[in-house]
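Reader: I would like a close look at a single part of this model, the sheet, and then at how the ligands sit in relation to its strands. Please take it step by step, as I have the sequence and the structure open beside me.

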Amino acid sequence: MICATPRSGSTLLCEGLRGTGIAGRPEEHFQMLQETGRPRRPGDYFQRSNDPDVWVLLDDPGFRDVFGEERRPANEPTWMEVWGVSRFEELLDRVVAEATTPNGVFGTKIMWAYFRDFVRLARRSRRAHGASPCEVPGAVFPNLRRYVWIRRRDTVRQAVSLWRALQTWRWRQDADDDPGERGERLRFSFAAIDHLRLRIDEHNAAWQRFFRRCGADPVEVVYEDLVRDYEGTIVRVVDEVGIPAPEGVRVLRPRMKRQSDGLSEEWVRRYAEIRGAVSAGGER
Ligand SMILES: Nc1ncnc2c1ncn2[C@@H]1O[C@H](COP(=O)(O)OS(=O)(=O)O)[C@@H](OP(=O)(O)O)[C@H]1O
Ligand SMILES: OC[C@H]1O[C@H](O[C@H]2O[C@H](CO)[C@@H](O)[C@H](O)[C@H]2O)[C@H](O)[C@@H](O)[C@@H]1O
């Protein structure tokens, strides 16, 4: 089970593991909120914000196409409808069947932001009824061995990446993709990036507390190291999870490309400048 936060490089890791053919087919199979049964909408990423500038942004009519109904209509199918199932147990069965490689290894990826919803939905099902939150993943996933925790050292760049993805709704770019939107309509917001950075830091800390409390020792992957040594990192994860690879681990070249570009760098610079001024007691 890959434990992640958004824009941590988790898809690159999942694709690398999937490409080995022996490490399951991890994807974001359970991205649904308990309340709505749907994946998060852009506005959900800003809930519990303590920053009035974020509240103003959420109400800004100029931002309706980003946060409003246009992006994710209220009648979009629920996640269970997408999977064509009516009970959580059925979803589990479908996911385990689809995400298991012939050697019996299963893989999935879960973000902290909806891990609580996953745990609560699972505990209402027969599989994990009465299980403590620590016991839930082991109760619903067969022979869970180790968690894999992916994080990014530079959470400012991660937050910039997320703020961009929330505006473009482009979550990946493959080598042969048309790059599409390159920044013409995108809006910088210190408040939004700062909120997302705080949440990312908070969610990483929450994963750590969860592992500590549950006596788990996750395999750790840092995005910047994964990018520097892709093959070596994938081989290490397979090895540390304990997946037998009698003929060695095959690592395919990634199809995905880095999405950040000069505009992302410009936003990182502007964010640091404003943050520096705010810490020195100045205005945003
Ligand atoms: N090949 C390659 N090399 C370097 N970086 C890469 C690569 N593939 C994906 N990425 C970067 O991973 C970031 C997306 O992270 P996630 O996959 O976790 O995002 S998601 O929340 O699941 O959509 C996102 O980071 P940013 O570049 O900062 O936007 C992607 O560009
Ligand atoms: O390719 C990157 C990821 O794309 C999907 O997830 C992302 O898009 C969702 C919106 O459709 C969003 O709710 C989610 O937070 C994003 O991570 C896909 O589901 C992931 O498997 C994939 O890693």
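**The sheet and the ligand sites**

Author: In this predicted model, strand S1, which covers residues 2-4, pairs with S2 in the parallel sense over three bridges. Within that pairing, Cys 3 stands opposite Ile 110 in S2. As background, the strands of a sheet pair through backbone hydrogen bonds, either parallel or antiparallel. Here the pairing is parallel, and the four strands form an open sheet in the order S2-S1-S3-S4. Its edges are strand S2 (109-111) and strand S4 (219-222), each of which pairs on one side only. From one strand to the next, the twist averages 25°. Helix H9, made of residues 190-213, packs on this sheet and touches S1, S2 and strand S3 (148-151), with a direction that makes about 160° with that of S3.

From the sheet one can move on to ligand 1, which is surrounded by 19 residues, the closest being Ser 10, Thr 11, Ser 161, Tyr 223 and Gln 259. An N or O atom in the side chain of Arg 152 is 2.8 Å from an oxygen atom of ligand 1, and for the side chain of Ser 161 the corresponding distance to an oxygen atom of this ligand is 2.6 Å. The backbone takes part as well, since a polar backbone atom of Met 256 is 2.9 Å from a nitrogen atom of ligand 1. Taken alone, ligand 1 exposes 650 Å², and the protein buries 93% of that. The edge strand S2 returns here, for the elements that give two or more residues to the shell around ligand 1 are helix H1 (10-20), S2 and helix H10 (223-228). The largest share, three residues, comes from H1. By class, this shell has seven nonpolar, seven polar and five charged residues.

Ligand 2 has around it Thr 11, Glu 28, Gln 31, Arg 40, Tyr 45, Arg 72, Lys 109, Trp 169, Trp 171 and Arg 172. A polar side-chain atom of Lys 109 lies 2.5 Å from an oxygen atom of ligand 2, while for Gln 31 a polar side-chain atom lies 2.7 Å from an oxygen atom of the ligand. Thr 11, listed among the closest residues to ligand 1, also has a side-chain N or O atom 2.6 Å from an oxygen atom of ligand 2. Taken alone, ligand 2 exposes 480 Å², of which the protein buries 82%. Its shell divides into three nonpolar, two polar and five charged residues.

Definitions and conventions:
Residues numbered from 1 in each chain as written. Chains lettered and ligands numbered in written order. Predicted model: local features only at pLDDT ≥ 70, side-chain atom pairs only at ≥ 80, totals over all residues. Heavy atoms only, no water. Near = heavy atom within 4 Å. Polar contact = N/O pair within 3.5 Å; in protein donor to acceptor, adjacent residues only side chain to side chain. Areas by Shrake-Rupley, 256 points an atom, 1.4 Å probe, with all protein chains shown as cover. Nonpolar A, V, L, I, M, F, W, Y, C, P; charged D, E, K, R; others polar. Pairing = 2+ DSSP bridges. Axes fitted to C-alpha atoms, helices over the stretch in contact; angles between N-to-C directions. Contact = heavy atoms within 4.5 Å.
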